[in-house]
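Okay, thanks for coming, everyone. I'd like to walk you through a structure that may be new to you, so have a look at it first and then we'll talk.

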Amino acid sequence: MPDTPRWGADDELGTLHYITDTVRTRALAAARTGRTVSLARAVHPRPAPVGPGASTDGEAAWQQSMLYTGTPPAAIAEQWMITPHHPAITHLDALSHIIVDGTVYPGVPVEDRVTPAGVTTGSTAVFGAGILTRGVFLDLAPGARLADGYPITARTLDTATRAADTTVQSGDAIVVRTGCDPVNPNRAAMPGLDRSAVAWLDERRISVWVGDTGDAWPPLDPTDPMPLHRRGLHDLGLPLVDSADLEALTSTCAETGRNSFLLLLAPPRIHGASGTPVNPIAVF
């Protein structure tokens, strides 16, 4: 893990620096048939909490108010209230998202980054041109789910890489299935990465993490909680796609006999946010 920012004190891209033209060319070659698979959870908006039809779901991550009046020539439209970091929404974390010891990536005091109007730097604005790289799928629990509170270590990732008969290369995005649902009403202990697994990502120069889950809850080590977010995102500058739905991808990889593909992330061009909903697309 770097003690000082490897790309400078003003960096906003983090490990996206690993996605070079050579990496993009390799990613494009992985798209052979044009078949596409979404890695995003389906979102079912709740009514916004106004009027007699208000939702009673206090955990509603995406609330919607319809503006249709029924009077021609009005169009049908809506307003949204979104909690982008909610586990029910597949979302992309910007590098400003996590605070450790009063700082955000790359070691900037949080008070220098955050204003009432939003994040000044290190926001989702840097994703405006989209992200294109090769995705590599690792299934940690084929046909099942990891056990409650399972520690995902460097050895776990090595074993899954060998099982996939693939090689992870610099600039790749890694797409990891645990089989667990981050929307967890039963409060089961969630599996997650330990420090060795985050070091594994760093050593292989992974550009983006995509996972159905990532950090364990409760923490595997209470003295070192959330290593994927605190060490991966905050320390390394590794953008994270949280709460992905990987079941369709699992089926497609099994059907095609392939575990690598072109991965496209094209989030909306929003300035000042620490995260945004995203629909990752795998192209085979």
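Let's begin on the outside. The accessible surface of this chain comes to about 13600 Å², and 54% of that belongs to carbon and sulfur atoms. Before I go on, please keep in mind that what you see is a predicted model.

Now the overall build. We have five helices and 18 strands in the chain. The radius of gyration is 19 Å, close to the 19 Å that the globule rule gives for 284 residues, so the chain is as compact as a globular protein of that length. If you'd rather think in box dimensions, the C-alpha trace spans about 60 × 50 × 40 Å along its principal axes.

What about the inside? Of the 284 residues, 46% are buried. And how far apart in sequence are the contact partners? Take the contacts between residues at least 6 apart in sequence: 75% of them join residues at least 24 apart.

A quick word on charge. I count 21 positive side chains and 30 negative ones, and the centres of those two sets lie 6 Å apart.

Okay, on to the backbone, where a few spots deserve a closer look. As a reminder, most residues other than glycine have a negative phi, and most peptide bonds are trans. So which peptide bonds here are cis? One runs from Tyr105 to Pro106, with omega near -5°. You'll find Pro106 in the loop between strand 6, residues 103-104, and strand 7, residues 108-109. Another cis bond goes from Trp217 to Pro218, with omega near 0°. Pro218 also has its place in a loop, this one between strand 14 (208-211) and helix 4 (227-235).

Next, positive phi. Asp101 has a phi of about 50°, although it is not a glycine. Scroll to the loop between strand 5, at 91-93, and strand 6, and there is Asp101. Is Asp101 buried or exposed? Its relative accessibility is 75%, so Asp101 counts as exposed.

Then there's Arg205, again not a glycine, with a positive phi near 55°. Arg205 is in the loop that leads from helix 3 (195-203) to strand 14. With a relative accessible area of 41%, Arg205 is partly exposed.

So, to put the backbone story together: the cis bonds I showed you lead into Pro106 and Pro218, and the positive phi values belong to Asp101 and Arg205. That's my tour, and I'm happy to take questions.

Key: Residues are numbered from 1 along each chain as its sequence is written. This is a predicted model: local features need pLDDT of at least 70, side-chain atom pairs count only at pLDDT 80 or more; totals for chains, interfaces and linings use all residues. Side-chain values use heavy atoms; hydrogens and water are left out. Helices (H or I, at least four residues) and strands (E, at least two) are DSSP runs, numbered from the N terminus. The radius of gyration is taken over C-alpha atoms; the globule rule is 2.2 Å times the number of residues to the power 0.38. Buried means under 20% relative accessible area, exposed over 50%, partly exposed in between (1.4 Å probe, protein chains only). Contact means heavy atoms within 4.5 Å. Accessible areas come from the Shrake-Rupley method with a 1.4 Å probe; for residues, only the protein chains shown count as cover. Lys and Arg count as positive and Asp and Glu as negative; His and the chain ends are not counted. The place of a charge is taken as NZ of Lys, CZ of Arg, CG of Asp or CD of Glu.
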